[in-house]
Structure formats: structure tokens, C-alpha cells
Amino acid sequence: QLEALTITDGCLGDDIAGIIDLINSLTSNDTLNTLRLVRCGLTSEMLTPDVCRSLFANIPFIDLQSNILGDTGAVQIASSLRDMYPVSCTNTCPLKQLSLTDNNISEVGCVTLITTFQMYIRDPDNPWKIEGCVSMGR
């Protein structure tokens, strides 16, 4: 059973429906623990609420490094996580590690992500790990 998938230097294009179909087909596999979409041309415009819902539904380790997400993408990720997993909700977000290295995310985007993720840290022995917020020293 597929536990990890890496797509590197792939062009996802700008077909949002195709991206959603790809991610849904991958995330329907309950054993997929790691998804890496590295240097795939993923942009903030592609991070629609449907894409984010599919992407962050049940994969604990997601690597989106070296794409073109910027602050807008960081804010969209944070917003989607807040919408999907309200703090008052008993459902816990499965995401444990998110790598956004080399996505042109400034301090503004990093603060948004870190603030959002801190709302979900319920177990101090199992904190979230955010990569790519170098400007924040994290």
C-alpha cells in the first residue's frame, strides 16, 4: 500500500479540477502518510478551498517546498485549516508537518501560519512542525 508519494519537477498546470482529482485520488488512500509536491509550479491561485480541503484532510506530512505560494498561499492554507478544523471542534487536524521552504513566504505569511498552528497544539509532546519560516527563526 502506498505510504509516501513524491512528485518533483512536475508541472501541475493551472487545471484546478485536475489538481483536485489528483489530490483526491491520492488522499482516498488511508495509508498515505507523506505527500511531496516539490517544484511543481503550485501557486496561491491553485490553493482553492477545495484543493486545501483535499490536501489537508488526512495526510500528516506534506511537503510543498519550492513552489510559488507566497504570503497569499500561506494565508489561504491557514484560513482553510481554521475553516476545516475549528478550535472548538473535537476532530483533530491530521497534519503534523508542513514544509513550505522556498515559497517566497515573508514574515507576514509565517506569522499567519504560526498563529494558526499554535491554536491546534494540544499535545506539547507532539507539536506541529512548520518548515519554511526561516525569517521568523523557526
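Author: Helices (H or I, at least four residues) and strands (E, at least two) are here DSSP runs, numbered from the N terminus. The model is predicted, so that local features need pLDDT of at least 70 and side-chain atom pairs count only at pLDDT 80 or more, while totals for chains, interfaces and linings use all residues. Residues are numbered from 1 along each chain as its sequence is written, and side-chain values use heavy atoms, with hydrogens and water left out.

Reader: Where is N103 found, and is N103 buried or exposed?

Author: N103 is found in the loop between β4 and α4. Burial is judged by relative accessible area, where buried means under 20%, exposed over 50% and partly exposed in between, with a 1.4 Å probe and protein chains only. Because the relative accessible area of N103 is 2%, this loop residue counts as buried.

Reader: Which backbone nitrogens does the side chain of N103 reach?

Author: Leaving aside neighbours within four places in sequence, N103 is in contact with residues including L64, Q65 and G70, contact meaning heavy atoms within 4.5 Å. A polar contact is a pair of N or O atoms within 3.5 Å; within protein, one must be able to donate a hydrogen and the other to accept it, and residues adjacent in sequence count only if both atoms are side-chain atoms. A polar atom of the N103 side chain lies 3.2 Å from one backbone nitrogen and reaches another at 3.2 Å, and these nitrogens belong to N67 and L69.

Reader: Which residue in the loop between β4 and α4 has a positive phi although it is not a glycine?

Author: Most residues other than glycine have a negative phi. In the loop between β4 and α4, a residue that is exposed, with a relative accessible area of 53%, has a phi near 60°, and that residue is D102.

Reader: How many salt bridges does the whole structure hold?

Author: A salt bridge is a side-chain nitrogen of Lys or Arg within 4 Å of a carboxyl oxygen of Asp or Glu. One of them joins R39 and D9 at 2.7 Å, N to O, and this pair links distant parts of the chain, 30 residues apart. D50 and R53 form another, with their closest N and O atoms 2.3 Å apart, although both of these residues lie in helix α2, three residues apart, about one turn of the helix. A search of the whole structure finds a total of two.

Reader: What is the phi of R39?

Author: R39 lies in the loop between β2 and α2 and is partly exposed, with a relative accessible area of 41%. R39 is not a glycine, yet its phi is positive, at about 50°.

Reader: How wide is the arc that the buried residues of α3 cover around the axis?

Author: Helix α3 runs over residues 70-84, and its end C-alpha atoms are 21 Å apart, which agrees with the expected span, that is, 1.5 Å times one less than the number of residues. Its buried residues are G70, G73, A74, I77, A78, S80 and L81. The arc is that of the directions from the helix axis to the C-beta atoms. These residues are on the same side of α3, because their arc is only 160°.

Reader: How many disulfides does the structure have?

Author: A disulfide is a pair of cysteine sulfur atoms within 2.5 Å. The cysteine C40 is buried at 2% relative accessible area, and C52 is buried at 0%. By the distance rule, the count of disulfides comes to zero.
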